[in-house]
Amino acid sequence: MTDYRMLIGGQRVDATALRRLPVTNPYTGQQIGTIPDASASDVDDAIAAARHAFDNVWSEVSGTRRAELMNRLATLIDDRSDALGLLESQDNGKLLRETTAQARFSARNYRFFGGYADKLYGRTIPLDTPNTLDYTLRQPVGVAALVTAWNSPMQLLANKLAPALAAGNTVVIKPSEHASLTTLVLADLVEEAGFPAGVINIVSGGIECGRAISEHPGLDRISFTGSVPTGQAIAAAAARTLVPVTLELGGKSPNIIFEDANLKRAVTGALVGIFSAGGQTCIAGSRLLVQDSVYDRVVSEIAIRADAIRLGNPLEPATHMGPVANEPQFERITRMIRSGVDAGARMVAGGAVPHATELSEGLFIRPTVFADVDNASSLAQEEIFGPVLSIIPFSDESEAVAIANDSSFGLASGIWTDNLGRAHRVAEKIVAGTVWVNTYRSSAAQAPFGGVGKSGHGRERGEEALDEYLRTKNVMVDLSEETIDPFAAALGEPPIHLQDSDSTKENQP
């Protein structure tokens, strides 16, 4: 049992109201700690600390120095990746090998964006106006709030914090109340790396804390990862204060297997796409589109291999899939499975909760596969965020694209084919922020990530992520020796020379 604390203005603090929330291991069901439940007053303090640090300290720190601090943080995360992975697995039930890998991937993100910290170049712009120098500056927005989800806290935070720091911003971080531990522990590493007090602030808590952030007029940017309803609420609240928002929301991603694909690789890719992380990932390939000629073969193979997936302790190497992260998510997934069965969908594998003889503890759901799913059904249209796969047949390339795009989401997608031309044609036509070809769930610090439609807007990772945390300022300098009418010059008309102050005085009576 550990009572974790927040980080505000360089100090480790409890919530002012001394409220705390329990932390439960989803595998054992045992309480392993508590986190502060911050109030609006705590959020005010954190944003004030971030503003003070930005105005008085961080804005004067060079890009080179920011990069040094970010690289130190990356090294500390790498050195503690095993411990961080263990803590996150105990917090959200994810496989230890995946959480440990995500810790190391987070370190990679800090190094990648640290390389940009001293390279935030502007542009010089040739104008129609003669004797005029025009250039742009790329400057930090100021104070950014970073709000993350419970499924991959370390990686989701690195997607936001790394570009925000590289761009020169200070931040207030709020992790999900369902998985806050690695973020709160990050405070120790931030201090050890040498970041000035107030540059990075961390608050934790539930509804009041989240609402206070989304409604706060003292922010310059909010970046949120989570559910569509919560993203909509944050965007609506932020609109009242005109704070811009980056949203990385859900998905109902199509994973398309064509008849000319390497079916062994494609089936493995389909299983990895949906059952990795127990389906609790926004990029899950939850809609598997399979061409008619290979449909029965693929469905049979998927069903056999899904039933062979080993559930168990996420800390053990032999485990293929751990428990669902929390009770509300467990209830939602099981409800969606029951509704699919009630609607007449053909279940070919799984079926909600394992038998008591299989697993005696933990929030487990068996990998579940539905075949012959109607793309208009709730199984195919609603994000379940769990280990539930819907398989949909298609006849040709045009129908595959039509089904893939028949969704309010547009986050990720996959294409399995050995036809190079088809891969590029379909990739161009699919409406999604990411298209994988003959792979799925691959990530890279250099590759931009984000969605369209209900999947949100804005980009994380890649150079494009920096634009979420930078403002462009235009500077125009008149280099001529005398003052002219700028509007006439801009229109290409003969210049109208204006009298300067000295000549005006000479002509006065």
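**Close-up 1. Chemical make-up of the lining of the largest pocket.** In this predicted model, the residues that line the largest pocket divide into 18 nonpolar, 16 polar and 10 charged. The pocket that these residues enclose has a volume of about 1100 Å³, and of its 44 lining residues the closest to the centre are Trp150, Phe224, Gly226, Ser227 and Thr230.

**Close-up 2. Helices and a strand that contribute to the largest pocket.** At least two residues of the lining of the largest pocket come from each of α7 (207-215), β10 (221-225), α8 (228-241) and α11 (327-342). Among these elements, α8 gives the most to the lining, with 7 residues.

**Close-up 3. The second largest pocket and the residues nearest its centre.** The second largest pocket, with a volume of about 320 Å³, is lined by 18 residues, and those that lie nearest its centre are Gln102, Gln155, Ile283, Arg441 and Ser443. When the lining of this second largest pocket is sorted by class, 6 residues are nonpolar, 7 are polar and 5 are charged.

**Close-up 4. Helices that contribute to the second largest pocket.** Two helices, α4 (96-114) and α5 (153-166), each supply at least two residues of the lining of the second largest pocket. The largest share of that lining comes from α4, which provides 4 residues.

Conventions. Residues numbered from 1 in each chain as written. Predicted model: local features only at pLDDT ≥ 70, side-chain atom pairs only at ≥ 80, totals over all residues. Heavy atoms only, no water. 1 Å grid on protein atoms, 1.4 Å probe; cavity = no way out; pocket = protein on both sides within 12 Å on 5 of 7 lines; lining within 4 Å. Points joined across faces, edges and corners; volume = space filled by probe spheres on them. Nonpolar A, V, L, I, M, F, W, Y, C, P; charged D, E, K, R; others polar.
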